Amino acid sequence: GLRSESTFSDTDSYYLHFLNVSDNGNFWEVPKERFEPGYLIFEKFIHKYISHNPAWLIFIVSCFSIGTVFYLLKKEAKNLWLCSYLFIALYLYISGFVCPVRQSLAASLCIWSFFATQNRRIILSALLILIATFIHSSAICFFVLLPISYLPLNRKNIIWVIVSSILAFGALGSIIEMLGRGTSTYLEDENMQLGNILDLIKAISILLFAYFFKVKNSSREVIWLAIISSVAAFLSLKITVLNRVTSYFEVFLIILLVNLAYSLSRHNRSIVYIGLIVIGFIHLLLIYVYRPEWNRIDSYNTILNSLP
């Protein structure tokens, strides 16, 4: 979170946008542009009441996002340190909760809606998701949490989800094309297909692991959201923009995986832990060595000298 404007692909655009924020006029009046109105109001609040320095915007969003994820892992994961390690090593930290400023805010609010749903505070949960949608429109996908929180976790419902996903996969391309030529960029993107395929393989592998080892120590909501993550990864093979949707659910896949490993016998658990540590390290090393241009990773360039 302590990053400069030169770190990660989106940071500089948020820096420049924040520098152009005006404190004049009606606080609730926002211009029509590509950023959602909820984010623009949040941005104006930081600019007017905290600091005109964009470093504070990045710092506050990062602290809120990472703090929220840490609380989720602490509450739901049976092994906090391993879950935190995989969250970083498998790139979820960067791709979902730090690099995209608006989406990280929205995803964090969705996690709080998850807590509200667990306590059966459905109205509060829906309100949090609605606010998140006004910050980043992709958060609308998290409304799926509300019905599935009441859906029994059994073979019949899982088969229903699989069949619905296949039907949606076949129909999505036609639907997008019917909306107009301007939406063609949402269809297959060869530059992102490999990453989407790897995400799908990862999600399906974890779910198969859960099925064969009879997951026992994860809540029904966590398991359903992990299943939705695999559905989103599958649909992103048809519409690449849906890979943004997976960012809202992948953390629940990690929780499910770690909780599954925790339920094994001590000997088998140790073997799986070592395997996960090695896989995570190799994954992170390959990105740093062979794909450093992904999100412009620069771990040593921080904002510490920019804060007043």
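1. The loop residue R120. At 37% relative accessibility, R120 counts as partly exposed. In this predicted model, R120 sits in the loop between α6 and α7. Its backbone deserves a reviewer's attention: R120 has a positive phi of about 60 degrees, although R120 is not a glycine.

2. The partner of R120. A salt bridge joins R120 to E221, with the closest N and O atoms 3.7 Å apart. The pair links distant parts of the chain, since E221 belongs to helix α11 (residues 220-235) and the two residues are 101 residues apart. Their surroundings may be set side by side: E221 is buried, with a relative accessible area of 9%, whereas R120 is partly exposed at 37%.

3. Overall fold. The chain contains 14 helices and zero strands. Read from the N terminus, the order of elements is therefore α-α-α-α-α-α-α-α-α-α-α-α-α-α, where helices and strands are DSSP runs numbered from that end. Of the 308 residues in the chain, 47% are buried. Among contacts with a separation of 6 or more, 74% are between residues 24 or more positions apart. The accessible surface of the chain comes to about 16000 Å², and carbon and sulfur atoms account for 66% of this area.

4. Confidence. The average pLDDT of the chain is 80, and 79% of the residues score at least 70. Confidence is highest in helix α7 (residues 122-135), with a mean of 94, and lowest in helix α5 (residues 92-97), with a mean of 68. For residues 179-186 the pLDDT falls below 50; this stretch nevertheless has seven contacts in the model beyond near neighbours in sequence.

5. Salt bridges as a group. The count of salt bridges comes to three. One of them, between R120 and E221, has been described above. Another is formed by the side chains of K75 and E76, at 3.7 Å from N to O. Within this pair, K75 counts as partly exposed at 43% relative accessibility, while E76 counts as buried at 10%.

6. The pair R102 and E36. R102 forms a salt bridge with E36, and the closest N and O atoms of this pair are 3.0 Å apart. Because R102 lies in helix α6 (residues 101-118) and E36 in the loop between α1 (11-19) and α2 (37-49), the pair ties together parts that are 66 residues apart in sequence. Is each partner buried or exposed? R102 has a relative accessibility of 9% and counts as buried. E36 is buried as well, with a relative accessible area of 11%. The cut-off behind both assignments is a relative accessible area under 20%.

7. Surroundings of R102. Which residues does R102 touch, not counting those up to four places away in sequence? They are Y14, R34, F35, E36, Y39, I135 and H136. R102 and G38, which are 64 residues apart in sequence, have C-alpha atoms 9.4 Å apart in space.

8. The nonpolar core and Y39. The largest nonpolar core has 74 residues, and the members that touch the most other members are Y39, F114, F142 and Y248. In soluble globular proteins, nonpolar side chains tend to be buried together. Leaving aside neighbours within four places in sequence, Y39 is in contact with Y14, L57, V101, R102, L105, F134 and I135. R102 thus appears in the contact list of Y39, and R102 in turn touches Y14 and I135, among others.

9. The surface patch. Where does the model show a nonpolar patch on the surface? The patch is formed by I274, V278, F281, I282, L285, L286, Y288, V289 and Y290, which together have about 890 Å² of accessible area. F281, one of these residues, is placed in helix α14 (residues 266-290). F281 counts as exposed because its relative accessibility is 51%, the cut-off for this class being over 50%.

Technical notes: Residues numbered from 1 in each chain as written. Heavy atoms only, no water. Patch = residues over 30% accessible without salt bridge, like charges linked within 9 Å, V, L, I, M, F, W, Y side chains within 5 Å. Areas by Shrake-Rupley, 256 points an atom, 1.4 Å probe, with all protein chains shown as cover. Salt bridge = Lys/Arg side-chain N within 4 Å of Asp/Glu carboxyl O. Helix = DSSP H or I, 4+ residues; strand = E, 2+ residues; numbered from the N terminus. Buried < 20%, exposed > 50% of the residue type's maximum accessible area, 1.4 Å probe, protein only. Core = buried A, V, L, I, M, F, W, Y, C linked by side-chain atoms within 4.5 Å. Contact = heavy atoms within 4.5 Å. pLDDT = per-residue confidence, 0-100.
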